Amino acid sequence: MEKINCPICDNSKFTFVLSGSDTLHNIEGNFNVVKCEKCSLMLTNPRPDFYEIKKYYPDDYTPYKLNFNRAEKIAKIRKKYKWFFRIIDPKMTLDLNTNQENANVLEIGCGAGNFLYELKLLHPKWNIMGVDFNVKSIDVLKKYGMNVFASDLINLNIESSSVDIVYGWMIMEHVHEINKTLSEVRRVLKDDGKFCFSIPNAKSWELRFFSKNWFALQLPTHLYHFTENTISKILEKNGLEVEKIIHQKSVTNIFLSLRIIAEKSFLPKIMKKFLSRLLSWNIVCFILTLPIASILAISKQSGRLTIIANKKL
Ligand SMILES: [Zn+2]
């Protein structure tokens, strides 16, 4: 375990927020979330170091599950119903808003590569790269002819000012060397390049309500618990500036937090199984909950944020 100073302001004084454990795979350990007294960044501290954290990413970790069939279906629907995707989730249309024929794009933390595959189908002429530290996923993607690397961004040595878009879906909260990674994102981006990424929103009511059972808390792999304010500060520190913050129309965290509570409860196994199925996320839930999700997004209380950032020149 390592204890760190605040990555935004280097302060070492924190106030205790909550303590919790791994609710995804029930791997041992208890972890504290603390808040920087100076800049209000919430972080998991102390935290497992870069080597210790690997055991919290087992092979059955969801982002490592390759599902190109689903990716293909999504790509087809995206192409056909652009207008619909613009309504339901702004994140989904980012790749379609770029009209460039030959863009260089990079996804950090590409996992099983499902998003990369969608991009490949939507933009066959783009030069698409991906990076992830999961060697198994990267080896599989290489067999599919994808341009991917088992590394972290810092050690990839991409040419400066060469990338049009860097994507990072639910990844920045996982990165140990966050300042180095963000300044590397800045270095590889072209002057008019975009950094498009998503993060959980620790300022939403969801964290206050579900506390240690909040699905998006994901201790200990979520090292930081950002808000609009703290993500803007850390981007700024590394030469990037927020262009837009989108509150995603999503109540996925709510369903999955309820599932965690059900699983921890004293209910009979059969009931737990039933609730777990009922609370699984699917397209029907998505459509039924869209009105609530929209209200939460408008009132800036969504549990998930998409951020578009520019290089500060
Ligand atoms: Zn701080």
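**Exercise 1.** In this predicted model, find how many bridges join strand 8 to strand 11, and establish whether the two strands run parallel or antiparallel.

*Solution.* Begin with strand 8, which covers residues 189-200, and follow its pairing with strand 11, residues 304-311: the two are joined by 7 bridges and run antiparallel. One position to look up within this pairing is Phe-195, which stands opposite Ala-309 in strand 11. Next, turn to strand 10, which is also joined to strand 11 by 7 bridges, again in the antiparallel sense, and here Leu-240 has Lys-311 of strand 11 as its bridge partner. Finally, consider how covered strand 11 is: 8 of its 8 residues are buried.

**Exercise 2.** Work out the strand order of the open sheet, and name its edge strands.

*Solution.* The sheet is made of 7 strands in the order 6-5-4-7-8-11-10, and its pairing is mixed. The edge strands are strand 6 (147-150) and strand 10 (240-247), each of which pairs on one side only. From one strand to the next, the twist averages 20°. At the strand 6 edge, strand 5 (residues 127-132) pairs with strand 6 in the parallel sense over 4 bridges, and Val-131 has Phe-149 in strand 6 as its bridge partner. Helix 5 (residues 135-143) packs on the sheet, where it touches strand 5 and strand 6, and its direction makes about 155° with that of strand 6.

**Exercise 3.** Identify the buried residues of helix 4, and list the elements against which they pack.

*Solution.* In helix 4, which spans residues 114-122, the buried residues are Phe-115, Leu-116, Tyr-117, Glu-118, Leu-119 and Leu-122. These buried residues pack against one helix, helix 1 (68-80), and against strand 4 (104-108), strand 5, strand 6 and strand 7 (163-169).

**Exercise 4.** Decide whether helix 9 is roughly parallel or roughly antiparallel to helix 10, and describe the contact between them.

*Solution.* Two packed helices are described by the angle and the distance between their axes. For helix 9 (residues 252-264) and helix 10 (residues 269-278), the axes come within 9 Å and cross at roughly 175°. Because angles over 145 degrees count as roughly antiparallel, helix 9 is roughly antiparallel to helix 10. The next step is to look at the residues that meet: helix 9 contributes Arg-259, Ala-262 and Glu-263, while helix 10 contributes Lys-272, Leu-275 and Ser-276. Sorted by class, this contact has 2 nonpolar, 1 polar and 3 charged residues.

Terms used:
Residues are numbered from 1 along each chain as its sequence is written. This is a predicted model: local features need pLDDT of at least 70, side-chain atom pairs count only at pLDDT 80 or more; totals for chains, interfaces and linings use all residues. Side-chain values use heavy atoms; hydrogens and water are left out. Axes are lines fitted to C-alpha atoms, for helices over the stretch in contact, and angles run from 0 to 180 degrees between N-to-C directions. Angles under 35 degrees count as roughly parallel, over 145 as roughly antiparallel, 65 to 115 as roughly perpendicular and the rest as oblique. Contact means heavy atoms within 4.5 Å. Ala, Val, Leu, Ile, Met, Phe, Trp, Tyr, Cys and Pro count as nonpolar, Asp, Glu, Lys and Arg as charged, and the others, Gly among them, as polar. Two strands pair if DSSP finds at least two bridges between them. Buried means under 20% relative accessible area, exposed over 50%, partly exposed in between (1.4 Å probe, protein chains only).
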